[in-house]
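Trainee: I'm new to this one, so please pick a single part and take me through it closely. After that, show me how the rest fits around it.

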Amino acid sequence: MKKVLVLCMSVVVLIGMSTIPVKAEEQSVKVEESYLLRDVTQVTSERVIQPRGAFLQQGSSSLVKTGEGLVTAGGDTIAQQVVKSISVNVILERLDENDMRWVQQHSWIAEGKNTTMIQCNKTVPVPRDQFYRVRSIHYAETDTSSSFTDGLFIK
């Protein structure tokens, strides 16, 4: 009986000491569908388009810390076939912590003709000690969709 009691106590102690791993997003604040992440250097969001249209297949947005107060932001669009026109509109957004909403900092567009893919990246200086994310709008012929990254803290 004493051995069973000691065994049960040991199991209870082991269970109490063990930790369950938690994903980073479960520990972070979320603003407009983007988690706010402090301890990562890059984020990418890839959206596989539901085939409603005949042209757009996939799009993604990315954000990378490239130095103190510098980020590289970009996006790409992939078509299901060669299309007459394809583009990606990349929008770098900063979190307005007073209103808890994303506001546009920079944006640019890359366009292509008679191809299946377009991509662009830019390295830009940003004010430090703030959260940033990238949102992209993807176009292939008449099809459109969007993607966005999580928020990345830039020191």
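Mentor: Let's start with a word we'll need: two strands pair if DSSP finds at least two bridges between them. Keep in mind, too, that this is a predicted model.

The part I'd pick is strand β5, residues 70-96. To place it, the protein has 2 helices and 9 strands. Starting from the N terminus, the order is α-α-β-β-β-β-β-β-β-β-β.

Now look at who β5 pairs with. β5 and β6 sit side by side in the antiparallel sense, joined over 22 bridges. One spot to find on that seam is Leu 95, whose bridge partner in β6 is Trp 102. The two strands make a hairpin with 4 residues between them, and in that turn Met 100 has a positive phi of about 50 degrees.

Go to the other end of β5 and there's another hairpin. Strand β4 (residues 56-67) is antiparallel to β5, with 10 bridges joining them. Gly 67 is bridged to Leu 70 in β5. This hairpin has 2 residues between its strands, and Gly 69 in the turn shows a positive phi of about 75 degrees.

A third partner is β7, which runs antiparallel to β5 and is joined to it by 9 bridges. Here, Ile 91 has Arg 135 in β7 as its bridge partner.

So how enclosed is β5? Buried means under 20% relative accessible area. By that cut-off, 19 of the 27 residues of β5 are buried, so the strand is largely enclosed by the rest of the structure. For the background, buried residues make up 38% of the 155 residues in the protein.

That brings us to what's packed inside. In soluble globular proteins, nonpolar side chains tend to be buried together. Here, the largest nonpolar core has 23 residues, and the ones touching the most other members are Leu 63, Val 71, Leu 92 and Val 126. At least two residues of this core come from each of β4, β5, β6, β7 and β9. The largest share is from β5, with 8 residues.

Zoom in on Leu 92 to see how that works. Leaving aside neighbours within four places in sequence, its contacts include Leu 63, Val 71, Ala 73, Val 103, Val 124, Val 126, Tyr 132 and Val 134. Polar and charged residues turn up in its contacts as well, among them Gln 104, His 106 and Arg 133.

There's also a second, separate core of 6 residues, which includes Val 31, Leu 36, Leu 95 and Phe 153. You've met Leu 95 already as the bridge partner of Trp 102. Phe 153 is worth a stop: its place is in strand β9, residues 151-154. With a relative accessible area of 10%, Phe 153 is buried. Setting aside residues up to four places away in sequence, Phe 153 touches Leu 37, Arg 38, Lys 65, Asp 129, Gln 130 and Phe 131. Take Asp 129 from that list: the two are 24 residues apart in sequence, yet 6.7 Å apart in space, C-alpha to C-alpha. Asp 129 lies in the loop between β6 and β7, and it has a positive phi of about 60 degrees although it isn't a glycine. Looking across the whole protein, 61% of the contacts between residues at least 6 apart in sequence join residues at least 24 apart.

Strand β9 also pairs with β2, in the parallel sense over 2 bridges. On that seam, Leu 37 stands opposite Leu 152. β2 (residues 34-37) is in turn joined to β1 (residues 30-31) by 2 bridges, and these two run antiparallel. Val 31, from the second core, stands opposite Ser 34 in β2.

Two last residues make a nice contrast. Ser 147, in strand β8, is buried at 1% relative accessibility, and its side chain makes a polar contact with the side chain of His 138 at 2.8 Å. Asn 114, in β6, is exposed with a relative accessible area of 58%, and it has a positive phi of about 55 degrees without being a glycine.

Terms used:
Residues numbered from 1 in each chain as written. Predicted model: local features only at pLDDT ≥ 70, side-chain atom pairs only at ≥ 80, totals over all residues. Heavy atoms only, no water. Buried < 20%, exposed > 50% of the residue type's maximum accessible area, 1.4 Å probe, protein only. Contact = heavy atoms within 4.5 Å. Polar contact = N/O pair within 3.5 Å; in protein donor to acceptor, adjacent residues only side chain to side chain. Core = buried A, V, L, I, M, F, W, Y, C linked by side-chain atoms within 4.5 Å.
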